[in-house]
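This report covers selected helices, a buried acidic residue and the nonpolar core. The sequence and structure are shown first.

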Amino acid sequence: MNLRRFSLYGLIAVLALALFITAAPQLLPNVAAEETESETPEAENMKENPEEVPAEEVKEDTQPAEEDKAEDKMEEPVEEAPQVEAVAEVKDGEIMVSAQGLVRIQPDFATLRLAVVAQAPTAAEANNINNASMEAVFALLKDKGIAEEDYFTSSYSIWPQTNWDDDQPQVYAYQVDNEITVKVRDIAQLGDIIAAALDAGANRVNDISYDVESTHEAYNQALKLAVERGKEKAQVLADALGVELIPVPSRVVEGSESNYGFMNYAYDAKEAAPAMGAGAPPLAQQDVQVNASVSLVFKFK
């Protein structure tokens with residue numbers, strides 16, 4: 001009886017174990033589903049979108065990368081801003097230079113400024129004295145062969161000479177200045193003409209200048225020299241820059257012509273005449289300088 005009961009219990013246990021084994025695969029998915037339902041919405045969102053990361057995690061992950069980038073930027077050398085002039089020259093492919101040419105030539109004539117200065121108690125008396133002296137100077141110029149078209153009156157003035165007593169002006173005389181400009185074509189006679197004019201009544205020499213009738217040929221020479229000098233300067237700059245210069249300028253701007261041959265010779269003849277005696281004053285002739293200037297623009301490769 002006991003043996004039979006034991007066998008019956010054993011058979012029931014075996015059947016129960018077989019039933020559990022058979023039902024286990026169906027029970028396990030339900031358990032997994034329950035565990036999935038118990039997770040937070042954020043976790044579900046992460047599983048559905050695995051590429052998205054919470055903001056806090058992104059900040060923590062990317063901060064070292066940003067610091068690395070900042071360090072890289074600090075290590076890179078900072079370049080200075082280029083000069084505007086250099087950029088413009090390189091961009092335009094041009095070299096701009098300016099140059100001058102100078103030619104010296106012998107003068108053709110001299111220009112002399114003589115004056116008669118007279119004083120008298122009245123303006124009329126001073127004027128009469130001055131007129132008499134100037135007429136004598138005119139006669140002297142004609143005797144020296146100076147044509148009437150080669151001299152003219154360049155200034156004439158009368159003004160009172162005053163003393164100040166007790167803050168009140170007192171006129172004691174009147175002064176008349178009469179100046180003429182004389183063109184002396186024979187430069188060798190210049191000293192003699194000055195001495196003769198002083199003897200005739202002139203008592204002031206203001207200045208002497210030298211010039212030529214035409215500077216056309218001399219100016220062309222000076223202009224040629226200026227262009228050659230400009231080309232030379234441009235080539236030196238191109239060699240320094242390491243570029244190939246196109247020898248023919250793309251633009252040429254001519255400056256204004258200038259020529260000068262001036263010698264200041266102002267003195268009061270009343271004081272100088274005794275020291276000079278009757279002879280002509282020694283004069284040193286000065287050459288006329290003709291100047292030309294140009295601005296050249298060259299292109300380079």
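## A buried glutamate

Glu-179 has a relative accessibility of 7%, and therefore counts as buried, the cut-off being under 20%. The model is a predicted one. Glu-179 belongs to strand E4, which covers residues 168–184.

Through its side chain, Glu-179 makes a polar contact of 2.7 Å with the side chain of Ser-154. Ser-154 is also one of the residues in contact with Glu-179 once neighbours within four places in sequence are left aside. The others on that list are Arg-113, Leu-114, Ala-115, Phe-152, Thr-153, Ser-155 and Asn-206.

## The largest nonpolar core

The largest nonpolar core is made up of 43 residues. Within this core, Leu-112, Leu-141, Val-182 and Leu-190 have the most contacts. At least two core residues come from each of E1, strand E2 (109–120), helix H5 (123–143), E4, H6, strand E5 (204–211), H7 and E9. H7 gives the most, with seven residues.

Which residues does Val-182 touch, not counting those up to four places away in sequence? They are Ala-110, Thr-111, Leu-112, Leu-141, Ile-146, Asp-150 and Tyr-151. Leu-112 and Leu-141, both touched by Val-182, are themselves among the core residues with the most contacts.

## Helix H6

Helix H6 runs over residues 190–200 and is mostly covered, with eight of its 11 residues buried. The buried residues are Leu-190, Gly-191, Ile-193, Ile-194, Ala-195, Ala-196, Ala-197 and Leu-198. Leu-190 is also among the residues with the most contacts inside the largest core. After H6 comes Gly-201, with a positive phi near 140°.

## Helix H7

Helix H7 comprises 26 residues, 216–241. From its first C-alpha to its last, H7 reaches 37 Å, close to the 38 Å expected at 1.5 Å a residue. Gly-242, just after H7, takes a positive phi of about 75°.

The buried residues in H7 include Ala-218, Tyr-219, Ala-222 and Leu-223. Ala-226, Gly-230, Ala-234 and Ala-238 of H7 are buried too. The packing partners of the buried H7 residues are strands E1 (94–105), E6 (251–254) and E9 (288–299).

## Ring interactions

There is one aromatic pair in the structure. In addition, Lys-183 places its charged end over the ring of Phe-109, at 4.3 Å from the ring centre.

Note on methods:
Residues numbered from 1 in each chain as written. Predicted model: local features only at pLDDT ≥ 70, side-chain atom pairs only at ≥ 80, totals over all residues. Heavy atoms only, no water. Helix = DSSP H or I, 4+ residues; strand = E, 2+ residues; numbered from the N terminus. Expected span 1.5 Å × (residues − 1). Buried < 20%, exposed > 50% of the residue type's maximum accessible area, 1.4 Å probe, protein only. Contact = heavy atoms within 4.5 Å. Polar contact = N/O pair within 3.5 Å; in protein donor to acceptor, adjacent residues only side chain to side chain. Core = buried A, V, L, I, M, F, W, Y, C linked by side-chain atoms within 4.5 Å. Phe/Tyr/Trp six-rings, centres within 6.5 Å; stacked < 30°, edge-to-face > 60°. Lys NZ or Arg CZ within 6 Å of the ring centre and 35° of its normal.
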